[in-house]
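Dear colleague,

Please find below the sequence and structure that I am handing over to you. My findings follow directly after it.

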Number of protein chains: 2
Amino acid sequence: MKTRLIDVAEEAQVSLTTASRALGGFDDVATATRRRVEDTAQRLGYVPNISAQRLRRRRTDMLGLILPADETGFGEPFFAEFLAGVGEEASTVEQHLLLTAHPPGSTAERETYLKVVRGGWVDGVILIRLRWEDARVDLLRGAGFPFVAFGRTNDVDGYPFIDEDSVAGLGILVDHLVQLGHSKIAFVRGPDDITFARHRLTGFETAMTSHRLPVPDRYLLSGDLRRESGAEAMSELMDQTHPPTAVIFCNDMMALGGMEEAVGRGVVVGRDVSIAGFDGIGVGGTTAPGLTTLRQPIQEIGRRLCRILLEHIDDDTRANRHVLLVPEILVRGSTGPAPTPRRCGVTRSVSERREG
Amino acid sequence: MKTRLIDVAEEAQVSLTTASRALGGFDDVATATRRRVEDTAQRLGYVPNISAQRLRRRRTDMLGLILPADETGFGEPFFAEFLAGVGEEASTVEQHLLLTAHPPGSTAERETYLKVVRGGWVDGVILIRLRWEDARVDLLRGAGFPFVAFGRTNDVDGYPFIDEDSVAGLGILVDHLVQLGHSKIAFVRGPDDITFARHRLTGFETAMTSHRLPVPDRYLLSGDLRRESGAEAMSELMDQTHPPTAVIFCNDMMALGGMEEAVGRGVVVGRDVSIAGFDGIGVGGTTAPGLTTLRQPIQEIGRRLCRILLEHIDDDTRANRHVLLVPEILVRGSTGPAPTPRRCGVTRSVSERREG
DNA sequence: GAGCCTATCCGAAACGTTTCGGACGCGTCG
DNA sequence: CGACGCGTCCGAAACGTTTCGGATAGGCTC
């Protein structure tokens, strides 16, 4: 069977207490004794039972990460990259991750949160893809349970978060397109209950008005952040009699779908139409042409959130740490000069451009 | 503070035992009593403390998944998709995942396995990317600890696994290329200690000899399975005086790197040179042209492995379940007819092909 | 030699469950 | 009427740690 501490103690001829304290590194045990205990522990292959340790210490060294599941689950590149960051940081500080996925807003999601929090499953929780009004935040904040968020709710008091400054980001992106000569710019927004989707829409509208550019209703479509939905929106835009010359998608996944749709129709992305996204997920750099996007350092954010959470667990006074990052624009082949009016429409499908 | 079972018991005027048995669904408690206990539990928001439960039940309802970490960690599409499958299945049967990543073969990896197994962290372990001689398998098998594997070692006795039939797969792929008229086919192999890399090489060699096609040494390169390494191999191949007309990569990631390299040199993939991979990761369908590959249902394998592991935990006699899947070929734009000899080399960069 | 201090050790309680082995009361049967 | 069975209930031990509050022994000071 598995070796228990008492086995080590008996073998080393000391009491249970002394064995525990010897291995725990306390200074009230003689050096010779400590060495003897350590040796036998080693020899017997002793590893403390973690459930007992946790029960007694009232600390699990586990962090909870409950993903909003769609079909793809953890497979979505955005989550995968985030996970990579959190996981890496966690493992360097001897913490572990508890992963689950549930449909956003479902009762299953709520129940998992209850279990995880009240059942002492984890010491803290990391929230991701925050909603404008987010029951998870209310629940955790109400219970006084330590958590951090990637993104924010409408009322940001009492919990630490990191978020990107979407408004600033879209300003940068619109500037870029305007400089390239675009004025007919469409925007594919995300679901209104997701905070960043709201902010990105606001950012787009603000930027457009500051350039005194109109945004006709037909240039403002809605998607659900998934790839297919981006393709549909693109299709709808291109079917219009006066299609836009540039399309900004609320996130990269939709933008990739949009590119696919355009390419499928024989349109040359970056020349006939410009496309841009938001997030900077890895695959965006590997398509042809590459996707122009606003990069947020997803992995790095994961790492930082993990660190903040741990500090927050040990010291719950540091609750109001809010970090807002300005995303960096990544200009790649998918955006280019606006086509001159007489040359518009799809003619030849020969491309001379190549991504730099 | 958190409500404990004893709080519920006192509130409901029963003993601790009865409260426990009422909530546990035993039939030796009167219906009225049971209802009373359930109600108060509900009202007090009682959730059992999981560490205590685990300690007592000697069961954690947790499965361990220790990934071979490189820089990208969980971010690698192959792992991400696999994770999605395992995670989904686990959550439908109320199991949870313990995730960590360690460099393959490192002492950190070994120590984590020891802790996880001897410290009772999880009930079973899922292994992935098996090595030809795999210390993890020896350790787990030696300890009699339940585990399943995606892939296999040289000696497959005493543990359940699912693996793809790489030899058959490469047969299919080589047939496909031969039918397209290719005879100068190169292969970029993976590290020799990884089992599937061995099998895929064997499969390639067998298929080539059965078609009586030679495989000169210069057409046999090595990579480390990562994207960049695929690009390097491709570059080396294309610099040869008599470059191959088709290149098979040991996995999709390297194939994607190879495609990038080719495209970057102005070569039209699928016309000037054919490229194929192995795995069928999602992104392979989104490049232009799409990557021809051998698809293994990664997510589905994740789900199945999870199920097998759970059965194996409850009943350790079912240890020798070996599943071998024949991968399915996904023909996309990256493979096409072999260029005719006189037309060879790179001339125009205009492409008329498009992925169907 | 009494008093005190330090270094080293240990007994027992606690963490919050589950579960074994009964106990109790009441009706039924021979 | 005693034995037995059945439906309910409960006390106490156990799971494997950590830690509080001493206990013991030896050395030092006065």
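I begin with the contacts to DNA strand D. Please note that this is a predicted model. In it, an N or O atom in the side chain of Thr17(A) is 3.2 Å from a base oxygen of DNA strand D. Another base oxygen contact involves Arg56(A), which places a polar side-chain atom 2.6 Å from a base oxygen of that strand. From chain B, a polar side-chain atom of Arg56(B) lies 2.7 Å from a base nitrogen of DNA strand D.

The wider surroundings of this strand comprise 24 residues, of which Leu5(A), Arg56(A), Thr18(B), Arg56(B) and Arg58(B) come nearest. Among the atoms of DNA strand D that come within 4 Å of the protein, 58% belong to sugar and phosphate. Four helices each supply at least two residues of the surface near DNA strand D: α2 (16-24) and α4 (50-57) of chain A, and α2 (16-24) and α4 (50-57) of chain B. Sorted by class, that surface has nine nonpolar, eight polar and seven charged residues.

I turn next to DNA strand C. It is surrounded by 24 residues, and the closest are Thr18(A), Thr33(A), Arg56(A), Arg58(A) and Arg56(B). Sugar and phosphate make up 59% of the atoms of DNA strand C that come within 4 Å of the protein. Arg56(A) is thus listed among the nearest residues for DNA strand D and among the closest for DNA strand C.

Several contacts reach the phosphates of DNA strand C. A backbone N or O atom of Ala30(A) lies 2.8 Å from a phosphate oxygen. In chain B, a polar backbone atom of Leu5(B) is 2.8 Å from a phosphate oxygen of DNA strand C, and a polar side-chain atom of Gln53(B) lies 3.2 Å from a phosphate oxygen of that strand. Two or more residues of the surface near DNA strand C come from each of α2 and α4 of chain A and α2 and α4 of chain B. The residues of this surface divide into nine nonpolar, eight polar and seven charged.

Two details concern α2(B). Its N-terminal end is capped by Ser15(B), with a side-chain oxygen 3.3 Å from the backbone nitrogen of Thr17(B). After α2(B) comes Gly25(B), which has a positive phi, near 80°.

How are the two protein chains related? Chain B superposes on chain A by a rotation of 180° with 0.0 Å of shift along its axis, and the RMSD is 0.1 Å. The two copies are therefore related as by a two-fold rotation axis. Of the interface residues of chain B, 98% are also interface residues in chain A, so the copies meet through the same surface.

Both chains contribute to an open sheet of twelve strands, with mixed pairing and the order β11(A)-β5(A)-β4(A)-β3(A)-β1(A)-β2(A)-β2(B)-β1(B)-β3(B)-β4(B)-β5(B)-β11(B). At the edges stand β11 (322-325) of chain A and β11 (322-325) of chain B, each with a single partner strand, so one side of each has no neighbour in the sheet. On average, neighbouring strands of this sheet are turned by 20° against each other, direction ignored.

Within chain A, β5 (residues 161-164) and β11(A) run parallel and are joined by four bridges. Phe161(A) has His322(A) as its bridge partner in β11(A). Helix α5 (residues 77-92) of chain A lies across β1 (62-68), β2 (96-102), β3 (124-128) and β4 (147-150) of that chain, and runs at about 155° to β3(A).

With kind regards

Definitions and conventions:
Residues are numbered from 1 along each chain as its sequence is written. Chains are lettered from A and ligands numbered from 1 in the order in which they are written. This is a predicted model: local features need pLDDT of at least 70, side-chain atom pairs count only at pLDDT 80 or more; totals for chains, interfaces and linings use all residues. Side-chain values use heavy atoms; hydrogens and water are left out. A residue is near a molecule or strand if one of its heavy atoms lies within 4 Å of it. A polar contact is a pair of N or O atoms within 3.5 Å; within protein, one must be able to donate a hydrogen and the other to accept it, and residues adjacent in sequence count only if both atoms are side-chain atoms. Ala, Val, Leu, Ile, Met, Phe, Trp, Tyr, Cys and Pro count as nonpolar, Asp, Glu, Lys and Arg as charged, and the others, Gly among them, as polar. Copies are superposed by least squares on the C-alpha atoms of residues with pLDDT of at least 70 in both. Contact means heavy atoms within 4.5 Å. Two strands pair if DSSP finds at least two bridges between them. Axes are lines fitted to C-alpha atoms, for helices over the stretch in contact, and angles run from 0 to 180 degrees between N-to-C directions.
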